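Subject: Structure for your review: disulfides and salt bridges

Dear colleague,

I am handing over the structure below, together with some notes on its covalent and charged side-chain links. Please keep it open while you read, since the notes go residue by residue.

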Amino acid sequence: MNRRILLLVIGLWVSTGLTSCGGGFSVKKPTSGLTMRVLASQGTTATTDFGGLVYINGEYDTLARVQELSAGTSPGLMAISPNREIVATFDSGSNSVYSANTASESSGGRVQLPGATFSMAVPTASGLAFAAVPSATVTGYSFLGAVDYLNISSGSIIATIAVPNAQTIVANSDGSQILAFSNSSNPVFTNSVIVLSPTLATPPVDTSCLTNPPNAVCTIVPGFDHPVYAIINGTTAYIFNCGPECGGTQASIQTLDLGSFAVGTPLPVNGATWGLLSGTTLYVAGNGTPTGQPCASLPLAAPTAAPYCGTLDIINLNTMTDPYYNNPAVEIAMPDGYHWRMDMSVNGQLFVGSKNCTNIGNVNNPSGEVRGCLAIYNTTNNTVIFPPDNGDVLGLQSFTSRNIEYVAEGGALRVYNTNNALDVLLINDYVPEGTINVLGYVGDVKAIDFF
């Protein structure tokens with residue numbers, strides 16, 4: 001009898017450690033108990049709130065009753081590791097990068113940068129990260145601009161790699177290669193892609209890009225037209241040539257082999273500053289000129305008081321063709337401004353965001369047209385809408401299990417129901433409905449659970 005009781009107890013104990021389906025071990029919930037967690041960077045100067053990363057319950061689109069994570073007084077740009085366990089946040093109030101561990105829901109180290117960054121990468125869960133700092137200076141050196149190689153877990157700079165006016169970085173999957181883009185007045189840098197091998201850099205300051213490239217740390221690959229961004233797929237990088245919008249000649253997409261550094265033939269597009277790769281389709285947004293095209297010249301542009309529009313190109317990578325290039329009758333209009341955010345919802349709604357666009361109307365006192373820096377392109381029926389909101393688009397976050405998109409625009413955190421044919425805010429067209437009421441200015445948004 002005692003043996004039977006013992007076996008029964010052991011069986012019950014084991015069963016509680018297994019999932020109800022499949023017999024696998026259950027996933028341990030975080031301290032908060034939430035399984036659909038989203039973080040929003042919250043900058044505020046209120047005396048009762050000091051800014052940080054606030055938790056959003058991604059199941060119900062509400063603020064969670066969880067202690068926020070420390071990230072300075074003015075946190076904005078966020079970068080997250082592929083497994084979503086390490087989050088890096090830039091605080092413009094102190095020019096620092098704060099780290100957080102989402103598994104333990106705890107704040108980590110803080111790295112003091114030599115200036116502001118607008119581009120960061122956390123390619124692995126090792127606690128190593130990278131930041132482009134265009135204004136970086138180091139005592140004893142004459143250069144301006146660098147890519148900082150960071151240990152965000154310990155709060156230190158491993159190495160400062162001099163790259164004049166480094167603006168944007170893109171990392172490969174393991175961080176062994178970093179593509180850096182510069183807006184230096186020196187065309188050697190402006191019309192090239194700078195390929196770094198940061199783990200080989202000599203600390204504390206590495207000047208390999210200035211002294212004797214190509215070398216083990218730095219290879220400067222010429223043959224581009226004011227490149228500003230890239231998407232890496234395996235060993236192929238699709239380089240976004242900004243062209244006239246950034247003072248060059250022609251916007252285009254150009255391949256770069258990251259093994260041989262062979263440069264492909266440019267494919268002209270209407271504009272190219274940002275994009276998204278979906279299978280063999282590459283979505284590319286940009287203005288193409290310093291202002292963008294007149295909206296009135298694009299038949300498919302919605303009637304608007306905005307004088308200029310950007311465009312969205314769609315490239316078939318199998319054939320390397322773009323039917324939208326220089327074809328106003330079918331060109332897909334976007335708001336103007338500098339395009340720098342893009343995300344696809346689970347049901348094929350492509351969210352495209354820019355900054356410094358032409359804002360129309362006032363979302364807080366709507367009358368007539370209201371428009372900001374966001375457009376939503378429906379990839380299933382080839383239609384586009386311009387949601388009634390204002391301001392720069394700073395963050396986009398979709399979910400694989402919900403027809404919902406979070407959008408940080410104009411300092412607010414909006415919720416879009418992508419299952420709605422009109423893609424309006426979750427409740428109606430205007431605030432406050434469809435808004436998660438985060439105190440302060442929302443500078444970015446990232447899901448830290450896979451859902």
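With a relative accessibility of 10%, Cys357 falls under the 20% limit and therefore counts as buried. Please bear in mind from the outset that this is a predicted model, and that the values in this message are computed from it.

Cys357 is a good place to begin, as this residue forms a disulfide with Cys373, the two sulfur atoms lying 1.9 Å apart. The pair links distant parts of the chain, 16 residues apart, with both Cys357 and Cys373 placed in the loop between β27 (349-355) and β28 (374-378). The partner, Cys373, has a relative accessibility of 1% and so counts as buried. About the S-S bond the angle is -90°, and the link of Cys357 and Cys373 is left-handed.

The count of disulfides comes to four, and two others can be described here. Cys209 is joined to Cys218 with an S to S distance of 2.1 Å, and both of these cysteines are buried. The torsion about the S-S bond of Cys209 and Cys218 is about 110°, so this disulfide is right-handed. Cys242 is joined to Cys246, with 2.0 Å from S to S; here the torsion is about 70°, so the disulfide of Cys242 and Cys246 is right-handed. The two ends of that link are classed separately: Cys242 counts as buried because its relative accessibility is 0%, while Cys246, at 30%, counts as partly exposed. If you number the bonded cysteines of the chain in sequence order, the pairing reads 1-2, 3-4, 5-6, 7-8.

Turning to the charged side chains, the general point is that side chains of opposite charge can pair when their charged atoms come close. In this model the count of salt bridges comes to four, and Arg37 takes part in a network of them that also includes Glu105 and Asp449.

Within that network, Glu105 and Arg37 form a salt bridge in which the closest N and O atoms are 2.9 Å apart. This pair links distant parts of the chain, since Glu105 is in the loop between β6 (96-101) and β7 (106-112), whereas Arg37 is in strand β1 (residues 37-43), 68 residues apart. Glu105 has a relative accessibility of 14% and so counts as buried, and Arg37, at 4%, therefore counts as buried as well.

Arg37 also meets the side chain of Asp449 in a salt bridge, at 2.8 Å from N to O. Here, too, distant parts of the chain are linked, with Asp449 in the segment after β34 (441-447) and Arg37 in strand β1, 412 residues apart. Asp449 is buried, as is Arg37.

A further salt bridge is formed by Asp389 and Arg414, whose closest N and O atoms are 2.7 Å apart. Asp389 lies in the loop between β29 (383-385) and β30 (393-398) and Arg414 in strand β32 (residues 412-417), so this pair ties together parts that are 25 residues apart in sequence. Both Asp389 and Arg414 are buried.

With best regards

Note on methods. Residues are numbered from 1 along each chain as its sequence is written. This is a predicted model: local features need pLDDT of at least 70, side-chain atom pairs count only at pLDDT 80 or more; totals for chains, interfaces and linings use all residues. Side-chain values use heavy atoms; hydrogens and water are left out. A disulfide is a pair of cysteine sulfur atoms within 2.5 Å. Buried means under 20% relative accessible area, exposed over 50%, partly exposed in between (1.4 Å probe, protein chains only). Helices (H or I, at least four residues) and strands (E, at least two) are DSSP runs, numbered from the N terminus.
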